[in-house]
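I opened this one to see how the chains are built and how they fit together. My notes follow in the order I looked things up.

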Amino acid sequence: MMIVKSNQEQDKRTIADKKLSEKLIGEMRKYNEQLAKAGVLLDLSGLHGTSRGTRIKFSPGGKKALVDGPFTESKELVAGFWIIDVNSREEAIEWANRAPAPHGPDQESEIEVRQFIELEDYLPSEAIEKYEEVARIRLERLSQMKKEAR
Amino acid sequence: MRFMMMIKMKKDPAAGKTPSKEAFEVMGKYNEQLAKSGVLLDMGGLQPTSKGAKIKFSEGGKKTVVDGPFTESKELIVGYWVIQVKSLEEAIEWAKRAPLQHDGSDDDCEIEIRQFFEIEDFPETDRVKAAKDAGKKAGDVYKEMAKEARGQK
């Protein structure tokens, strides 16, 4: 997962006032196309600002507390992500390094590269079989959605 | 509406620590509920940040690669679900039902719910059309994966 990090300044902006330069949009589109054509892209998306979000805090003893966004105290927020399937961590870093600066060339920004835990990382067990069953249901649902979309 | 439910912790789970068999089963049941209700689009767990890296983009096109672990970070993502529901309220309901096991340390564990941008949120331009095409390509990859998964079954 290549996570595009965000900060308070970026989080406050909406699409309307982002006035993303045509150049950045074009560069990002080209980059996304490269990922897709190389066959490494599994998913990509952008997230709305945290003013539309909520957090649920879990504390010891099963206590839960709801906190509505925006999360003004946070220094690290997520703006969007790509999911890629590559052969090594180095290849993932290489792809992230080729991305256009996500918030534009005049802004500080950061992409965090994180590796997924695969089911094979766990020892086989009944619980793991459950997860495989969930994965199967999920993929069927996705393919059904794609069919509906066409 | 699509929402991402991110599981966040203040630091990486202790090295080599894997969830107990019970925790695994309880989480498996919750995932099954999400899947069988037809709301689950994707989910994943992430390896500790020691296996990750960061690319920092600075002014003037400078890029710096920083290897994990990210010990200075206070909010780390350990996993997530992507769900499709009718409202933020419905997403909150699902998140509240998640059986997160607090590991007894002082670290807060939380789920952050964030709404996805949909392609309809953007004005219809040639570039948006191109993005839709790229999305369709990604969808085709998923379809292939679904086919493979069924084949293996």
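What share of the contacts in chain B between residues at least 6 apart in sequence join residues at least 24 apart? I got 70%. Note to self: this is a predicted model.

**Entry 1: chain B, the outline**

I went through the elements of chain B and found three helices and six strands. From the N terminus on, they run β-α-β-β-β-β-α-β-α. Chain B has 153 residues, and buried ones make up 28% of them.

**Entry 2: chain A, the outline**

I did the same for chain A, which has five helices and seven strands. Along the sequence the pattern reads β-α-α-α-β-β-β-β-α-β-β-α. Of its 150 residues, 29% count as buried. Among contacts in chain A with a separation of 6 or more, residues 24 or more positions apart account for 63%.

I also checked the extent of chain A: its C-alpha atoms fill a box of roughly 50 × 45 × 35 Å along the principal axes. The chain is divided into domain 1, residues 2-116, and domain 2, residues 118-150. I noted 25 Å between the C-alpha centres of these two domains.

**Entry 3: where the chains touch**

Next I looked up the contacts between the chains. I found 66 residues of chain B in contact with 62 residues of chain A. Which element of chain B gives the largest share of the side that touches chain A? It is α3(B), with 13 residues. The elements that each supply at least two residues to that side include β1 (2-9), α1 (21-36), β2 (40-46) and α3 (126-152) of chain B. By class, I have 30 nonpolar, 15 polar and 21 charged residues on the side of chain B that touches chain A.

**Entry 4: a sheet with strands from both chains**

I then traced an open sheet of seven strands, with antiparallel pairing. Its order is β4(A)-β3(A)-β6(B)-β1(B)-β5(B)-β2(B)-β7(A). Why is one side of β4 (63-68) and of β7 (116-117) of chain A left without a neighbour in the sheet? Both stand at the edges and each has a single partner strand, so there is nothing in the sheet on the other side.

I looked at β1(B) in this sheet in some detail. It pairs with β5 (residues 76-84) of chain B in the antiparallel sense over eight bridges, and B:M5 stands opposite B:W81 there. Seven bridges join β1(B) to β6(B), again antiparallel, and in this pairing B:M4 stands opposite B:R114. Six of the eight residues of β1(B) are buried, so the strand is largely enclosed by the rest of the structure.

On to β2(B), which is joined to β5(B) by five bridges and runs antiparallel to it. B:W81 turns up again here, standing opposite B:M43.

**Entry 5: another pairing across the chains**

I also checked β6 (residues 109-113) of chain A. Five bridges join this strand to β3(B), and the two run antiparallel. A:S109 stands opposite B:F57 in that pairing.

A:I111 caught my eye, and I listed its contacts, leaving out residues up to four places away in sequence. In chain A it touches A:M2, A:I3, A:V4, A:A96, A:A99 and A:P102, and in chain B it touches B:K54 and B:I55.

**Entry 6: helix α4 of chain A**

Which residues of α4 (residues 89-98) of chain A are buried? I found A:A92, A:I93, A:W95 and A:A96. Looking down the axis of α4(A), I see the buried residues fall within an arc of 160°, so they line one face of the helix. The face turned away from the buried side carries A:E90 and A:R98, which are exposed.

I then asked what covers the buried residues of α4(A). The cover includes β1 (2-6), α3 (22-37), β5 (77-84) and β6 of chain A, together with β3 and β4 of chain B.

**Entry 7: the core**

Last, I looked up the largest nonpolar core, which has 51 residues. Those with the most contacts inside it are A:A96, A:I111, B:M5, B:M6, B:I83 and B:A91. Some of these were already in my notes: A:A96 is buried in α4(A), and B:M5 stands opposite B:W81.

Definitions and conventions:
Residues are numbered from 1 along each chain as its sequence is written. Chains are lettered from A and ligands numbered from 1 in the order in which they are written. This is a predicted model: local features need pLDDT of at least 70, side-chain atom pairs count only at pLDDT 80 or more; totals for chains, interfaces and linings use all residues. Domain bounds come from an automatic or database domain assignment. Two residues are in contact if their C-beta atoms, placed from the backbone, lie within 7 Å. Helices (H or I, at least four residues) and strands (E, at least two) are DSSP runs, numbered from the N terminus. Ala, Val, Leu, Ile, Met, Phe, Trp, Tyr, Cys and Pro count as nonpolar, Asp, Glu, Lys and Arg as charged, and the others, Gly among them, as polar. Two strands pair if DSSP finds at least two bridges between them. A residue is buried if 20 or more other C-beta atoms lie within 10 Å of its own, exposed if 12 or fewer, and partly exposed in between; C-beta atoms are placed from the backbone. The arc is that of the directions from the helix axis to the C-beta atoms. A nonpolar core is a set of buried Ala, Val, Leu, Ile, Met, Phe, Trp, Tyr and Cys residues joined through C-beta atoms within 7 Å.
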